[in-house]
Amino acid sequence: QAPRSPRGMFGFGGFARAALLLAFALLVALLLLLSRPPPPPPQRVSPIVLPLLSTFSYLAFGLAGALPAWAHSPRLLPPLGVWGIVVPELLVLLAYALSLSALFYLRRSFAIFVEVRSLVRRGPYRLIRHPMYLGYVLVVLALAISRPTPPIWSLGALAIGLTLGRARLEERMLSRHAPGYDELMRTTGMIFPRLRKIGRAH
């Protein structure tokens, strides 16, 4: 599921967002068709349920926008003027671009549920182990800035919590079954890059 922002949330950049989102959707469809044969199905419920909850929690933002006006008060941030438009717009564009880049380098290792496939160490994975989840977090931050209301912040906290839980579940499975993943954990950040790693990459 690509990071998603409600229609009309921002004042400009709609064409760039639409193009990135279309590219993301097409790449997801292609990778699902060409992905490696799936490993044996998970023996527990959490590797199936947690990814689904994490994915659909982002869709709840669309429902939050349909709540009555009284549910969106008080505003939790003062008016930010033009920065309240520019900063969220840039965050969403960065989120889409980062997620698209992550998919490009994952290629046939892409999966919907928590599955152990081949490790990817190129592209954004040189710096962080879950760049697509960073894209989700950036969309939550963009929404929190542009619509600083209790429902949005509550749903955002829930979405980030579920995403971190999903990432930790993947980390445990990969650490057990993927050779070399422990070393990767020591040299890269989980969601956000490590500053020292950025310096060495350049």
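Start by selecting V49, which is partly exposed because its relative accessibility is 36%. Keep in mind as you click around that this is a predicted model. V49 sits in helix α2, which covers residues 46–64.

**The patch around V49**

Now widen the selection to V45, I48, V49, L52, L53, F56, I112 and F113. Together they make a nonpolar patch on the surface, and their combined accessible area is about 660 Å². Showing these side chains as a surface is a nice way to see the patch.

**Zooming out**

Switch to a cartoon view of the protein chain. Which secondary structure elements does the chain hold, helices or strands? The count comes to 7 helices and 0 strands, and reading along the sequence gives the pattern α-α-α-α-α-α-α.

The chain has 202 residues, and 42% of them are buried. Its accessible surface is about 11100 Å², with 69% of that area belonging to carbon and sulfur atoms. Among contacts with a separation of 6 or more, 80% are between residues 24 or more positions apart. Two such long-range meetings come up later in the tour.

**Colour by confidence**

Next, colour by pLDDT. The mean over the protein chain is 78, and 76% of the residues reach 70 or more. Then select residues 1–12, where pLDDT stays under 50. The model does give this stretch 41 contacts beyond four places in sequence. Where pLDDT is low, though, the predicted coordinates should not be read in detail.

**An aromatic stop**

How many aromatic pairs does a search of the whole structure find? There are 2 aromatic pairs. One of them is formed by F104 and Y105, whose rings are edge-to-face, with 5.2 Å centre to centre and 90 degrees between the planes. Both partners can be reached from outside to some extent: F104 is partly exposed because its relative accessible area is 42%, and Y105 is partly exposed too, with a relative accessible area of 25%.

**Three salt bridges**

Side chains of opposite charge can pair when their charged atoms come close. This structure holds 3 salt bridges, and you can visit each in turn.

Begin with E171 and R129, whose side chains meet at 2.8 Å, N to O. E171 belongs to helix α5 (residues 150–177), while R129 is in the loop between α3 (83–106) and α4 (131–146), so the pair ties together parts that are 42 residues apart in sequence. Are these two residues buried or exposed? Both E171 and R129 are buried, and a clipping plane may help you see them.

Staying in helix α5, select E170 and R166. Their closest N and O atoms are 3.6 Å apart in the salt bridge. The two residues are 4 apart, about one turn of the helix. E170 is buried, and R166 is buried as well.

The remaining stop is R186 with E183, a salt bridge of 2.8 Å from N to O. Both residues lie in helix α6 (residues 181–187), where they are 3 residues apart, about one turn of the helix. Why does R186 count as exposed? Its relative accessibility is 54%, and the cut-off for exposed is over 50%. E183, at 39% relative accessibility, counts as partly exposed.

**Two places where distant parts of the sequence meet**

Step back from helix α6 to A178, which lies in the loop between α5 and α6. A178 is buried, since its relative accessible area is 7%. Add S118 to the selection: S118 and A178 are 60 residues apart along the chain, but 7.5 Å separates their C-alpha atoms.

Finally, go to P150 in helix α5. P150 counts as partly exposed because its relative accessibility is 27%. Which residues does P150 contact, leaving aside its neighbours within four places in sequence? The contacts are A71, H72, S73, P74 and L76. You can also draw a line from P150 to R75: they are 75 residues apart in sequence and 7.6 Å apart in space, C-alpha to C-alpha.

Note on methods
Residues are numbered from 1 along each chain as its sequence is written. Side-chain values use heavy atoms; hydrogens and water are left out. Rings of Phe, Tyr and Trp (its six-membered ring) pair if their centres lie within 6.5 Å; planes under 30 degrees apart count as stacked, over 60 as edge-to-face and the rest as tilted. Buried means under 20% relative accessible area, exposed over 50%, partly exposed in between (1.4 Å probe, protein chains only). pLDDT is the predictor's confidence in each residue, from 0 to 100. Contact means heavy atoms within 4.5 Å. Patches are made of residues with over 30% relative accessible area and no salt bridge: like charges are joined within 9 Å, nonpolar side chains (Val, Leu, Ile, Met, Phe, Trp, Tyr) within 5 Å. Accessible areas come from the Shrake-Rupley method with a 1.4 Å probe; for residues, only the protein chains shown count as cover. A salt bridge is a side-chain nitrogen of Lys or Arg within 4 Å of a carboxyl oxygen of Asp or Glu.
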